[in-house]
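I opened this notebook page to record what I looked up in the structure, entry by entry. The links between side chains come before the overall picture.

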Amino acid sequence: MGGLRIVVAFLPLMLVLFSPSGANREILVGGKQNAWTIPPSSNDTLNRWAEKTRFKVGDILVGKFNPKTDSVLQVRKEDYDGCKTSNPMKEHKNGYAMIELDHSGPFYFISGAQGNCEKGEKLIVVVLSEDHWPKQNTSATTTPAPGPRGEAHGLRSGVFLGALLVIGLGTILVF
């Protein structure tokens, strides 16, 4: 019976240890609700926002828009440059786009509403590879940047083995 108490005591710890630590970030387009619109000025474009934001592989770009009047099209560079809506790679038209940035490099988005792309409703997101993320800095004057997605893999493997050991010992002690 004492072994069962040990297992029960360690159960919350094991649940915390097994929860995913490398969860993907959800990044709202433009940093605010309903930013997917024609920009109010040429100085307030979504691309200016994207230039100041660091995107990494695995991030999820979230776009909210009015589905009655607009859509988000993921397109190739040529279609982005020419605002061509006829052959999108992906189309989001239900008012809520969740786009996983699944590789490094540029992603191109334009509005599906006629004329909106030409008025500036378009976005380029450049996703950095893990090799381009800053390394952890121990200096007290800087804040460390987030590490690459798989950085804690070795730690999680050790934790997994430790948890298996605790479960195994608990099982032995129960019997």
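**Salt bridges**

I began with charged side chains in this predicted model, and my count of salt bridges came to 2.

The pair I looked up to begin with was R25 and D59, whose side chains meet in a salt bridge with an N to O distance of 2.5 Å. I then asked myself which parts of the chain this pair ties together. R25 lies in the loop between α1 (2–18) and β1 (26–28), while D59 lies in the loop between β2 (55–56) and β3, so the salt bridge ties together parts that are 34 residues apart in sequence. I also looked up how far each partner is covered: R25 counts as partly exposed at 30% relative accessibility, whereas D59 is buried, with a relative accessible area of 1%.

The other pair I noted was D81 and K77, whose side chains meet at 2.7 Å, N to O. Here both residues lie in helix α3, 4 residues apart, which is about one turn of the helix. I found D81 partly exposed, with a relative accessible area of 47%, and K77 partly exposed as well, with 40%.

**The disulfide**

My search of the whole structure for disulfides found 1. The disulfide is formed by C83 and C117, and I noted their sulfur atoms as 2.1 Å apart. C83 lies in the loop between α3 (77–82) and β5 (90–92), and C117 in the loop between β7 (105–111) and β8 (122–128), so this pair ties together parts that are 34 residues apart in sequence.

I next asked which hand the disulfide of C83 and C117 has. The torsion about the S-S bond is about -70°, so I entered the disulfide as left-handed. Are the two cysteines, C83 and C117, buried or exposed? C83 counts as buried at 12% relative accessibility, and C117 counts as buried at 3%. The cut-off I used for buried was under 20% relative accessible area.

**Backbone angles**

While I had C83 on the screen I looked up its backbone, and its phi is positive, about 55°, although C83 is not a glycine. I made a note of this because most residues other than glycine have a negative phi. N34 is another entry of this kind, with phi near 55°. N34 lies in the loop between β1 and α2 (46–51), and I recorded N34 as partly exposed, with a relative accessible area of 48%.

**Strands β3 and β6**

I then turned to strand pairing, where 5 bridges join β3 (residues 60–64) to β6, the two strands running antiparallel. As a point of reference for the register, I wrote down that I60 stands opposite E100 in β6.

Which residues of β6 make up its covered face? In this strand, residues 96–100, I listed A97 and I99 on the covered face, with Y96, M98 and E100 on the uncovered one. I set this beside the general rule that side chains in a regular strand alternate between the two faces of the sheet.

**The whole chain**

Stepping back, I counted 4 helices and 8 strands in the protein, and read along the sequence they follow the pattern α-β-α-β-β-β-α-β-β-β-β-α. Of the 175 residues, 31% are buried. I also looked at contacts between residues at least 6 apart in sequence, and 69% of these join residues at least 24 apart. The protein exposes about 11,200 Å², of which carbon and sulfur atoms supply 59%.

**Confidence**

Before closing the page I looked up the predictor's confidence: the protein averages a pLDDT of 75, and 61% of the residues score at least 70. Over residues 4–21 the pLDDT is below 50, and beyond near neighbours in sequence I noted 13 contacts for this stretch in the model. Residues 137–175 also have a pLDDT below 50, with 35 contacts beyond near neighbours in sequence. I added a caution that predicted coordinates should not be read in detail where pLDDT is low.

Methods. Residues numbered from 1 in each chain as written. Predicted model: local features only at pLDDT ≥ 70, side-chain atom pairs only at ≥ 80, totals over all residues. Heavy atoms only, no water. Buried < 20%, exposed > 50% of the residue type's maximum accessible area, 1.4 Å probe, protein only. Contact = heavy atoms within 4.5 Å. Areas by Shrake-Rupley, 256 points an atom, 1.4 Å probe, with all protein chains shown as cover. Disulfide = S-S within 2.5 Å. Pairing = 2+ DSSP bridges. pLDDT = per-residue confidence, 0-100. Salt bridge = Lys/Arg side-chain N within 4 Å of Asp/Glu carboxyl O.
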